[in-house]
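Colleague: I'd like a close look at one part of this model, the packing inside it. Could you walk me through that part and then fit the rest around it?

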Amino acid sequence: MNMGGRFSFRRVALLLRSDAECVCPALLKVTLGAGFFLFLYFMATYGYDGSGIISVTTDAAMRWKGSVSKGCLVMAMVFGPSFIYAGMARPDARLAFMMRPASAAEKFVGRLLLSTVGVSALVLLAVAVADLLHLGFSLAAGTSDGLRSVMASLARETAGSVSDIFRPAPHDWPAALAHGLNAVAGLLFFQSLYLLCPLLLARGGFVVATFSAVVCRAVFVALRHCLPDTVSQSACDFMWMALGLLLAVANYAVAYRSFRRMQLVNGKWFNI
């Protein structure tokens, strides 16, 4: 059911709550399991002090745990849009979704927020679960360098990565800005691929998006080497930023049009 009139964030919030009630119970179980396995992965850095196993909490070990958590969060932001069709595999589920009192734009925004912000929040919850288990193990078994939190390491690593992207060379703010915006544009472009392919393709959307991302990255690298040496790195960054943003906007536009054309019974290979 399509609603005319002005875009309403209230209806988007109602859609988010409804989708969360349907999807979150199953995802919470997966999140708790992922948190436990992440904790086991953290324990790969355990130590032995002669009396038993202890938790290694040196600066290097905590930086590694924070980097692993940051990598999981980045993957959630990039791969999250591929879950935009979550819970709508069956025709009856699609019918119920199509009959909701909201416009196509509100449904699209709600689903996009759920598959990006929602999935990222679940990853943070998994890291928090792993951190609690890590702290419990550290209290029970002892530590090498005191009790330390993985979430705190994640916050430091994330802040450090953001500041490194935008940190300028001496008197070179344009270069730092270009490098930072290029990284953001690249993230948005790859995220748009993982949104577009699962919306278009009924089968293998994630695989096609991954293959497309690898090909696009290879093409960008090849084009960079084809440019003359006289072209500065800042100019290259601004050029790739503009190209990445243009392609990302195009992918989002095509994805929205594909979402609007969603059918009750989709084709064998395509969702339109």
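Modeller: Sure. One term to begin with: two residues are in contact when they have heavy atoms within 4.5 Å of each other. Keep in mind too that this is a predicted model.

With that cut-off, take F108 as the way in. Leaving aside residues up to four places away in sequence, F108 touches I84, L195, L199, Y252, A255, Y256 and F259. F108 also belongs to the largest nonpolar core, a group of 12 residues. The other members are I84, Y85, M88, F97, L112, L195, L196, L199, A255, F259 and M262. If you go by helices, α4, α6 (173-200) and α8 (233-260) each put in at least two residues, and α6 gives the most, with 3. There's also a second core, separate from that one, with 10 residues, among them F39, M62, V127 and A130. As a general point, nonpolar side chains in soluble globular proteins tend to be buried together.

Now for the open space. The largest pocket has a volume of about 640 Å³. It is lined by 25 residues, and the closest to its centre are L27, F83, V119, L122 and V123. Two or more lining residues come from each of α1, α2 (59-79) and α4 (104-141), with α4 giving the largest share at 10 residues. So what is the lining like by class? Because Ala, Val, Leu, Ile, Met, Phe, Trp, Tyr, Cys and Pro count as nonpolar, the tally comes out at 19 nonpolar, 5 polar and 1 charged residues. Notice that α4 turns up in both places: it supplies residues to the largest core and to the pocket lining.

One small detail sits at the other end of the chain. S8 is in the segment before α1 (9-42). S8 counts as buried because its relative accessible area is 17%, and buried means under 20%. A polar atom of the S8 side chain lies 3.3 Å from the backbone nitrogen of R10.

Stepping back, the chain has 8 helices and 2 strands, running α-β-β-α-α-α-α-α-α-α along the sequence. Of its 272 residues, 36% count as buried. Looking at contacts between residues at least 6 apart in sequence, 74% join residues at least 24 apart. The contact of F108 with L195 is one you can pick out in the view.

Conventions:
Residues are numbered from 1 along each chain as its sequence is written. This is a predicted model: local features need pLDDT of at least 70, side-chain atom pairs count only at pLDDT 80 or more; totals for chains, interfaces and linings use all residues. Side-chain values use heavy atoms; hydrogens and water are left out. Helices (H or I, at least four residues) and strands (E, at least two) are DSSP runs, numbered from the N terminus. Buried means under 20% relative accessible area, exposed over 50%, partly exposed in between (1.4 Å probe, protein chains only). A polar contact is a pair of N or O atoms within 3.5 Å; within protein, one must be able to donate a hydrogen and the other to accept it, and residues adjacent in sequence count only if both atoms are side-chain atoms. On a 1 Å grid over the protein atoms alone, a cavity is a set of points where a 1.4 Å probe fits but cannot get out, and a pocket is an open set with protein on both sides within 12 Å along at least five of seven lines; lining residues have an atom within 4 Å of a point. Grid points are joined across faces, edges and corners, and a volume is the space filled by probe spheres set on the points. A nonpolar core is a set of buried Ala, Val, Leu, Ile, Met, Phe, Trp, Tyr and Cys residues joined through side-chain atoms within 4.5 Å.
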